[in-house]
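The report below takes up the surroundings of a bound ligand and then the packing of some helices. Please read it alongside the sequence and coordinates.

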Amino acid sequence: MELKEIIRKEFKQRFGVEGTVYASAGRINLIGEHTDYNGGFVFPGAIDKVIMAELRANGTDKVKIFSIDINEYVEFGLNEEDAPVAQWARYIFGVCREIIKRGGRVEGFDAVFAGNVPLGAGLSSSAALESCFAFALNDMFNNGSIDKFELARIGQSTEHNYCGVNCGIMDQFASVFGKKDHLMRLDCRSMEYEYFPFHPEGHKLVLLDSVVKHELVDSPYNKRRESCERVAKRLGIETLRDATPEMLESIKDDISEEDYRRAKFVIGEKDRVLAVCDALVKGDYETVGRCMYETHNGLSKEYEVSCEELDYLNDIAKECGVTGSRIMGGGFGGCTINLVKDDLYDTFIETAKKRFNEKYGHEPKVYDVIISDGARRVE
Ligand code: ADP
Ligand code: MG
């Protein structure tokens, strides 16, 4: 059965009526890593894996929700002190509260939801969940008057204030703004964005999940952020967004070798995002792929956020002749994202599974993704 039918059936059984079905998507980021906090660009797109929910106003001041995947029913009121305990319900409660805090309307409703975004795999199932409900509640109770950026911010604030995750805006932005066959270049300084065509005929996008997550002791993210801030300060600029390779060379002798390498990655990554955008306009997927490999190299050798398993997956991709491959996300585990020619796909996946299993005792998980629409009313 399709996701929608499963949800409709469950909703009918529980609440005896029909509601309206909404969905929002998980996301990938093709290129632009560790650029957000440096005022640079990210380049995400929504994918064909979604959280889907059926909702209906119930005329009370209570929210009644059933999560099909967790197989749990939760009820909560809409005041701050009504926060539910279940983690999944906190995402929805947070969205309600953040809408209300902004002067929007939320009344009691019934809902059933389910999804196929893998949880905690770096595809942002939480943003899909927030965006689905933010979009739905905007449509149901606010005549769609909350603009899309605000919907994304509602999701982001939910993570900050109700889920303890201090995330940027990219995931929710991608989930809300996602458009079929398009990636979105988001300028993390000005928040301007632009759609670029992405329909790589003859290629597939596939993620290989190493299923490892290295817990590191000395807060490596903060260390890298500090390096970037130090170099920017030395250059007399606000963020590395405004730095050029020449500027960096001119202060090379005054900064540590490590700070130099890290800044070099960030500055190079900004240019790579722009190069990928140009290449996409021309339909030049070879250049896109080459930039992906360069990003992986930079993340591994200069920024030092890779790990053995991800480097191994990247090496296998290269050996198989895959067009592009790189770490996706913060690093130290998680997925690689791969742009693979159709006729190489089977060999690549088989080889990667086999060789990874031989070395690490388990296969990577495989997620095929197609760039698709973001938050929407279904039907
Ligand atoms: P991700 O990288 O996928 O966003 P997170 O840890 O941020 O990982 O979010 C995962 C959480 O989102 C889950 O623990 C759960 O609370 C909620 N969630 C995601 N998908 C679902 C789903 N299909 N059903 C219920 N809850 C979900
Ligand atoms: Mg998340």
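## Ligand shell and helix packing

The shell around ligand 1 is made up of 8 nonpolar residues, 8 polar residues and 1 charged residue, in what is a predicted model. Among the 17 residues that surround ligand 1, the nearest are D69, G120, S124, S125 and S126. In terms of secondary structure, helix 2 (87-101), strand 6 (109-115) and helix 3 (125-141) each contribute at least two residues to this shell.

Three of the polar contacts to ligand 1 are set out here by residue, with the atoms involved and the distance computed for each pair.

| Residue | Protein atom | Atom of ligand 1 | Distance |
|---|---|---|---|
| D69 | N or O atom of the side chain | nitrogen | 2.8 Å |
| G120 | polar backbone atom | oxygen | 2.8 Å |
| S125 | polar side-chain atom | oxygen | 2.7 Å |

Ligand 1 exposes 570 Å² when it is taken alone, and 79% of that area is buried by the protein.

Helix 3, which supplies at least two residues of the shell around ligand 1, also packs against helix 4 (residues 148-162), at an angle of about 130° and with the two axes 9 Å apart. How are helix 3 and helix 4 oriented to each other? Angles over 145 degrees would count as roughly antiparallel and those from 65 to 115 as roughly perpendicular, and therefore helix 3 and helix 4 are oblique to each other. The crossing in which helix 3 passes helix 4 is right-handed.

A further pair is formed by helix 9 (residues 285-302) and helix 10 (residues 308-320), whose axes lie 11 Å apart and which pack at an angle of about 155°. Helix 9 and helix 10 are therefore roughly antiparallel to each other, and the crossing in which helix 9 passes helix 10 is left-handed.

Methods:
Residues are numbered from 1 along each chain as its sequence is written. Chains are lettered from A and ligands numbered from 1 in the order in which they are written. This is a predicted model: local features need pLDDT of at least 70, side-chain atom pairs count only at pLDDT 80 or more; totals for chains, interfaces and linings use all residues. Side-chain values use heavy atoms; hydrogens and water are left out. A residue is near a molecule or strand if one of its heavy atoms lies within 4 Å of it. A polar contact is a pair of N or O atoms within 3.5 Å; within protein, one must be able to donate a hydrogen and the other to accept it, and residues adjacent in sequence count only if both atoms are side-chain atoms. Accessible areas come from the Shrake-Rupley method with a 1.4 Å probe; for residues, only the protein chains shown count as cover. Helices (H or I, at least four residues) and strands (E, at least two) are DSSP runs, numbered from the N terminus. Ala, Val, Leu, Ile, Met, Phe, Trp, Tyr, Cys and Pro count as nonpolar, Asp, Glu, Lys and Arg as charged, and the others, Gly among them, as polar. Axes are lines fitted to C-alpha atoms, for helices over the stretch in contact, and angles run from 0 to 180 degrees between N-to-C directions. Angles under 35 degrees count as roughly parallel, over 145 as roughly antiparallel, 65 to 115 as roughly perpendicular and the rest as oblique. A crossing is left-handed if the near helix is turned anticlockwise from the far one by less than a right angle, and right-handed if clockwise.
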